[in-house]
Amino acid sequence: MKAKILIANRGEIAIRIAKACEDLGHDFVMIYTDADKDSEHVVRYADQTGKDQKVWRISSYTDPNEILSIADHTSCTAIHPGYGFFSEDFRFARRVTVRDRPLIFIGPKWEVIKDLGDKINTKKVANELGIPTIPGTSAPIYNEMEAESVAEKLLLEQREQGISDPSILVKAAAGGGGMGIEEVHRLEQFRQVYREVKNYAKRQFGDGGVLIETCLRDYNHLEVQLLCSQHGERIHFGTRNCTIQSTGRQKRLEAAPGFDDSCFNYAFDANDVLEKVVDYSLKLAAHVRYDNVGTWEWIVARNGQPYLLEVNTRIQVENDVSARISYYKKKQPNLIREQIRVALGAKIGYSQRKIKFKGACIEFRIVAEDTGRDFAPWIGKITRFDFPKHDWSAVYTQVPSDRHYDIPSDFDPNLALALVWGDNIAQAKERGRAFLEEVFIEGETSAGEPMMTNLQYLAENIDRLLTF
Amino acid sequence: MQEIRKRLTKIEERLNYISQVKGSEKWGNVDSVLQRFVAVRDAIFDISTDKMATKIHTLEDEISFLEERAEESLTGMDRVRIVRSPLRFSLKDILENVYDDYTELGGEEEASIDASMVCAKATVSAKIKGKTVTQQVMVIGHEKGHGEEYRNGGCSKPWGNEKALRFMMVAQTEGIPIHAYIFTPGSFPVEEYPGAGQQIARNIYAMTKLEVPIISIISEGGSGGAEAIGCSDYRLMFSHGYYSVISPEGGAAIEGKVREGQKIPMEMVESCAERLKITATDNLRLKTIDRIVEEPLLGAKRDAYEFFKRVKYEMIRATDEVVLKTKSLRAFRNYEMKLNRSRKELGDDAHIDVSWELNRDEMARLLEMRSKKYRAMGCEGICAKGSFLGRLASRVKEKSSKYFYNIRYDMLHSHQKQVKQVMHDVTSESAVVIKQVAGPLASVFDFFTRRQESPALLVGGEDLNREQVYDNTYTSPLANEDRTVTCPNSERLGCKDLWVPDLYGQFGGVCENCGHHFPLEYQWYLKHLFDRDSIREFNSKLLARNPLNSPDFEKRLKVAIKKTGRRSSMITFDARVRGVEVVVAMLYSNFRNGTVGSTEGEKFVQAAERARMMRRPLLSYVHTTGGIRIQEGTLGVTQMPKCTMAVREYVDAGGLYVVVYDNNSYAGPVASFLGCSYYQFAIRSSRIGFAGPRVIRDTTGVDIPPDYHSARNALKRGHIQGIWDRREFRTNLHKSLMTMGGKSLYYR
Amino acid sequence: MSQQDTINYDAVLSKFREDPFAYVDINAMHTGHIRFHVREGDKVEGLTGDFRHIKGTLLCELTRERNQKPIHCTTNGEVSFVNKVLDGQFVQAGEKIMTIRHPLKKREIIEQILRDVLVPFAAPEKAKYYFAMDIQNRIEKFGQRSVSVKAGDEVFTMSLMKRDTPVYYTGEAGIIHSVYFKPGQSMELGEPLVGVCPPEKVAVVEKIITRVKAEWE
């Protein structure tokens with residue numbers, strides 16, 4: 001059945017989705033705002049008008065009414081939310097699917113987005129299934145005495161594990177995005193901090209509930225890429241490691257697989273841990289009847305203990321890192337294509353056994369930013385934008401190479417994603433360095449100052465990949 | 001010649017007055033008489049004095065005849081015009097002519113915080129057996145004349161009513177009676193400190209238990225403004241005055257749905273004045289007043305000295321009566337007899353010596369009688385459903401449960417500290433006691449109440465079991481539609497259009513961006529505010545009626561009943577909020593816009609009595625109220641003091657009374673039994689006030705800012721204590737009950 | 001040479017006399033089906049009422065997701081252009097719907113002339129701007145004309161790439177005479193945000209005001 005998919009996103013992911021649609025033979029529609037009118041995701045598809053008009057100008061990417069208005073007007077049958085924006089908004093997913101003119105939401109069903117979007121709930125469900133989560137409260141605490149005894153227990157546990165400077169985090173249960181989080185090292189400090197956080201939470205979010213958990217330092221951030229269908233099929237595409245992040249906890253380099261013994265002398269059996277997190281992820285996916293692509297995020301401590309962090313119920317930026325080390329019928333799969341297929345009701349059609357994992361892959365997120373000054377975004381005009389072409393690399397970008405481009409100021413200044421892969425991690429690292437050498441990005445600010453990117457930062461951090 | 005000129009002037013005056021009263025020169029051919037008068041006047045030098053005198057005499061006779069006919073055919077509107085005439089007597093005339101001497105308090109003439117309200121300490125004396133007996137009174141009343149330019153037409157501002165209250169308190173301190181003269185078309189509808197409605201509510205609340213005799217008399221009784229000084233032990237009314245829930249023009253505009261700026265047809269105003277039953281006779285029949293003081297033909301003017309004598313006599317007599325009734329019925333009968341005897345001898349001037357000072361016991365009786373008076377008031381408007389026996393049965397039932405609660409609270413209260421631990425046992429024991437005591441009654445009771453239904457469960461009511469869309473709890477039926485709406489703040493705050501199922505489902509009708517509250521149906525609150533299945537409605541059968549037989553209104557009531565599946569705009573029920581038992585009185589918008597009539601008032605009073613009996617907090621949740629139901633006229637107006645009395649007695653007995661306003665709350669109820677609460681709160685985005693923008697524009701000529709009545713401004717003015725988010729209504733309510741109600745939730 | 005010599009009042013005023021109008025474009029604020037309620041040549045009203053709470057003339061209605069949203073006129077004048085082909089059609093966001101020709105008021109002409117006289121402070125980046133908290137409070141309390149700024153003062157907050165950066169004033173000290181931006185509105189690089197009037201120019205500004213008031217009827 002031929003679908004018509006509205007791509008409710010911008011930039012490189014919009015282009016990737018459009019390509020996937022073309023590959024699958026589906027029709028699609030793009031949306032854009034005035035600030036993005038020079039972006040490749042618009043310009044490339046702007047030539048068709050009239051009945052076949054592909055790009056539509058809207059007032060905001062974050063207004064669901066605009067998206068549905070275009071979807072109805074262009075007779076779309078499905079909506080792909082990409083990542084960010086509406087990708088994990090269960091209300092949007094629900095509205096799309098229950099409205100008078102229902103559409104297919106390309107993502108998990110809304111109930112799953114809702115349940116897994118609630119971190120506290122996810123933690124509760126995981127614990128019931130015996131899946132480890134970061135030690136701490138599984139529900140908001142409102143009582144000071146109770147809170148203190150939890151804090152005491154958590155600090156003691158860490159000391160027993162031989163951690164010299166144990167600490168815990170006190171978080172506003174209703175908070176998010178790093179707001180209302182305080183670290184406590186000694187029990188004597190606890191009451192004071194607890195009260196502060198509680199009052200903050202009450203003021204800010206109208207609910208004084210507080211969460212307390214062990215503060216983990218020195219860990220690796222792992223992700224498990226899953227693909228599930230509405231027919232109960234569940235397969236994985238291995239693990240990736242995205243420990244290297246900017247100060248704002250934005251990912252900059254990712255690699256797959258999650259660990260590699262050649263990179264670091266782990267204190268645990270790396271393969272065993274990777275297998276474990278994959279198994280746990282599949283277990284939770286089965287329990288909630290997960291039915292689309294999704295990422296299970298894990299924290300692995302230096303001693304090899306994994307903890308489930310959260311579930312991202314969307315296609316992620318870095319999905320391709322996993323795809324590039326996976327082979328089905330000797331070909332690297334395209335996860336966006338797979339996502340659209342299963343969302344439209346198809347079966348996956350192959351089993352885990354048919355997927356062979358081979359080699360390693362690294363993703364670089366090329367961003368216009370000043371890495372020396374707290375990764376401050378850079379804004380200006382790009383005058384040169386050249387990437388090398390190799391059969392072991394891929395580049396995804398919305399920035400044109402054939403004309404000048406003003407970075408729109410409404411969004412993060414992400415310029416491109418570059419992936420390189422090789423037979424092993426050493427080769428991938430080597431190719432990554434060589435690749436970055438061949439990238440040329442030039443531009444200037446309104447004041448005539450030269451362009452700043454994180455290319456050098458990326459090159460410098462290659463050696464840190466998959467280490468503690 | 002001089003004499004003739006005088007008579008001519010007088011004739012002209014009288015003719016003008018008739019046409020003024022009748023609203024037209026056409027009435028009774030006044031214009032042709034006027035023409036003849038002009039002919040006579042213009043011929044003053046042409047004809048002889050004698051001839052002139054005869055002609056004048058004929059004219060005078062004719063006019064007297066006209067006046068009599070005019071008097072006979074006085075309509076409601078004619079009375080309004082009499083009262084509004086600049087020739088009519090005003091408070092100053094009364095102070096000068098009824099009282100011996102007086103000192104104005106709280107300002108003088110123009111130099112006053114509010115010259116429309118006059119307070120004065122006055123002496124009044126009566127000749128008794130040749131001796132002059134002088135007593136002091138506090139005179140409080142509206143003044144619209146003698147300096148019209150600063151009297152504001154007798155429309156008192158909140159601070160004017162506050163002044164009145166202040167001097168009522170002085171009267172209480174000094175133990176002297178209050179004579180209240182009501183000459184007001186209504187209160188000045190401003191919300192400035194503390195707001196017209198708030199001040200009226202405070203006045204009524206204080207007057208319900210003011211420990212001195214209060215005698216009031218109405219010349220012009222404009223709704224809330226009148227009640228601000230009108231809650232009294234004896235209510236008199238001048239025969240040509242009017243007492244009304246709303247001005248006939250205002251009533252016609254509402255009833256006829258006349259748009260602003262359009263002229264209201266005179267016939268509509270006239271017929272509205274009839275329908276509102278505003279005359280003294282109407283009011284006497286409806287028992288909203290106790291006696292009528294007769295005025296001369298076509299109403300008393302400033303020079304009606306005979307009439308002022310009459311007023312003096314009536315005021316003294318009324319005060320005597322009130323005082324004597326507190327002593328004993330015998331004393332009062334004696335008085336009546338004596339008075340009748342001396343009247344035969346001395347005519348209307350007769351007085352009996354009665355001292356107006358009351359002792360403690362007499363004061364208590366005074367208050368008790370005042371309480372009974374208002375409890376019975378406005379009952380003309382309710383049809384007691386069921387037979388006499390049915391009523392008896394419910395009284396028996398009430399008595400027996402009263403007995404139970406008395407045991408449970410009063411008797412146990414004193415021992416509570418010692419017996420706390422065995423409380424359980426004791427309560428079950430007391431249940432046994434009740435069985436024994438109430439046993440014989442119970443069988444009688446069962447017999448009579450067989451046909452009565454057990455308390456109706458609200459849960460099964462309309463719309464409540466409707467299909468639930470997303471959540472297990474109640475979802476508003478408004479949510480079952482795939483469309484979007486614009487938040488009124490979208491332009492200013494950039495709110496996105498809201499998808500209706502989200503808005504009325506998960507968001508509880510609240511804009512997720514700015515917190516604006518969209519109105520929700522009252523059922524939502526029943527489901528979200530109270531514990532599951534805890535609601536037990538009572539008095540659901542009491543029916544809103546059309547006591548003044550207002551044409552068409554019967555039909556409109558039927559429509560409302562059919563639409564809502566309910567019988568009045570007030571729902572009263574027992575419920576629990578997080579385990580706390582409360583009695584709730586709820587006004588909701590769907591039924592005649594939440595207006596209050598006799599039935600609603602009676603239901604409210606019964607709810608207050610029930611809360612008092614059961615020692616439970618009383619919550620008034622006002623989903624919306626449009627004010628007093630104007631089709632019930634002054635029967636509606638008297639619900640204001642009646643319900644306030646119930647609140648006062650409940651609170652004095654130790655009750656916790658909480659009011660929460662939502663959507664739109666205006667006029668009478670806010671200016672009485674709602675506004676008198678110590679604990680008033682509002683739901684966000686609601687509006688609270690005395691008069692709506694249009695009425696304010698009409699009366700003050702000023703445009704008000706769009707947010708004039710907003711909850712936030714009500715908070716700033718000190719009217720309400722806080723603004724609650726609808727989604728936290730339950731939490732906040734529970735918290736308020738706990739913090740303000742204390743341990744027993746019945747705070748003393 | 002002082003500023004007043006450089007202004008040729010007659011030339012400036014005659015320019016306004018030739019075309020004493022401002023042309024206000026009305027654009028679709030979002031997508032939807034549009035229905036017009038005015039025609040070319042119609043007279044329209046802006047906001048009225050003591051509190052500017054009465055909405056202006058209904059220009060058109062934009063319907064999206066079954067929400068029929070009226071677009072009211074915000075300025076008085078005459079409809080000088082209507083994009084008629086759009087009537088009843090689906091429009092994209094930002095599409096030009098019509099133009100209102102607004103007869104300039106004295107105050108607006110003065111404001112336009114003053115643009116050349118006052119010291120402008122230009123937007124350092126294409127971004128959204130807000131007044132700094134302190135300045136905003138002072139403007140709300142005392143009015144903009146009583147707020148003076150000098151070099152180094154934190155006057156604006158620039159919202160760029162989801163980050164807020166303080167913007168410090170550079171240039172001659174003076175009072176904020178005119179404001180050319182709406183808080184939160186995206187401003188192009190180099191567009192003036194405010195016009196500052198230094199003390200020595202007060203006389204010139206006043207002269208312009210009296211001049212225009214006298215000559216413009």
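This is a short talk on a few contacts, helices and strands in the structure above.

Hi everyone, and thanks for coming. One thing before we start: this is a predicted model, so please hear everything I say in that light.

Let me begin with chain A as a whole. Its domain assignment gives domain 1 at 4-106, domain 2 at 135-214 and domain 3 at 219-464. If you go from the C-alpha centre of domain 1 of chain A to that of domain 2 of chain A, you cover 42 Å.

Now, the neighbours of chain A. On the chain C side, 17 residues of chain A are in contact with 17 residues of chain C. Which elements of chain A supply at least two residues each to that side? They are β3 (55-57) and α3 (64-73). The largest share comes from α3(A), with six residues. In character, the side of chain A that touches chain C has seven nonpolar, six polar and four charged residues.

Let's stay with α3(A) for a moment. This helix is mostly covered, with eight of its ten residues buried. The buried ones are P64(A), N65(A), E66(A), I67(A), L68(A), S69(A), I70(A) and A71(A). After the helix comes S75(A), and its phi is positive, near 55°. That one may be worth finding on your screens.

Next, chain B. Here six residues from chain A meet six residues from chain B. What is the make-up of the chain A side that touches chain B? There are five charged residues, one polar and no nonpolar.

A good residue to look at from chain B is D502(B), which sits in helix α19 (residues 500-504). Beyond its neighbours within four places in sequence, D502(B) is in contact with R91(A), R95(A) and F507(B). Is D502(B) buried or exposed? Neither label fits: it has 18 C-beta neighbours inside 10 Å, so it counts as partly exposed. The cut-off for buried would be 20 or more. And for a sense of distance, the C-alpha atom of D502(B) is 20 Å from that of L529(B), which is 27 residues away along the chain.

Back to chain A for a helix pair. Helix α4 (residues 90-98) packs with helix α5 (residues 110-117) at an angle of about 170°, and their axes are 8 Å apart. Because of that angle, α4(A) is roughly antiparallel to α5(A). On the α4(A) side the contact uses F90(A), A93(A), R94(A) and T97(A), and these meet W110(A), I113(A), K114(A) and G117(A) in α5(A). Why does a set like that make sense on a helix? Residues three or four places apart point the same way, because an α-helix has 3.6 residues a turn. By type, the residues of this α4(A) and α5(A) contact are four nonpolar, two polar and two charged.

My last stop is a strand in chain B, β16 (residues 657-661). Five of its five residues are buried, and both faces are covered. Y657(B), V659(B) and Y661(B) lie on one side, with V658(B) and V660(B) on the other. What does β16(B) pair with? One partner is strand β15 (residues 618-622) of chain B, in the parallel sense over five bridges, where S620(B) stands opposite V659(B). Another is strand β18 (residues 679-683) of chain B, also parallel, joined by four bridges. In that pairing, V658(B) has Y679(B) as its bridge partner.

That's my tour. Thanks for listening, and I'm happy to take questions.

Note on methods. Residues numbered from 1 in each chain as written. Chains lettered and ligands numbered in written order. Predicted model: local features only at pLDDT ≥ 70, side-chain atom pairs only at ≥ 80, totals over all residues. Contact = placed C-beta atoms within 7 Å. Nonpolar A, V, L, I, M, F, W, Y, C, P; charged D, E, K, R; others polar. Domains from an automatic or database assignment. Buried ≥ 20, exposed ≤ 12 C-beta atoms within 10 Å, placed from the backbone. Axes fitted to C-alpha atoms, helices over the stretch in contact; angles between N-to-C directions. Parallel < 35°, antiparallel > 145°, perpendicular 65-115°, else oblique. Pairing = 2+ DSSP bridges.
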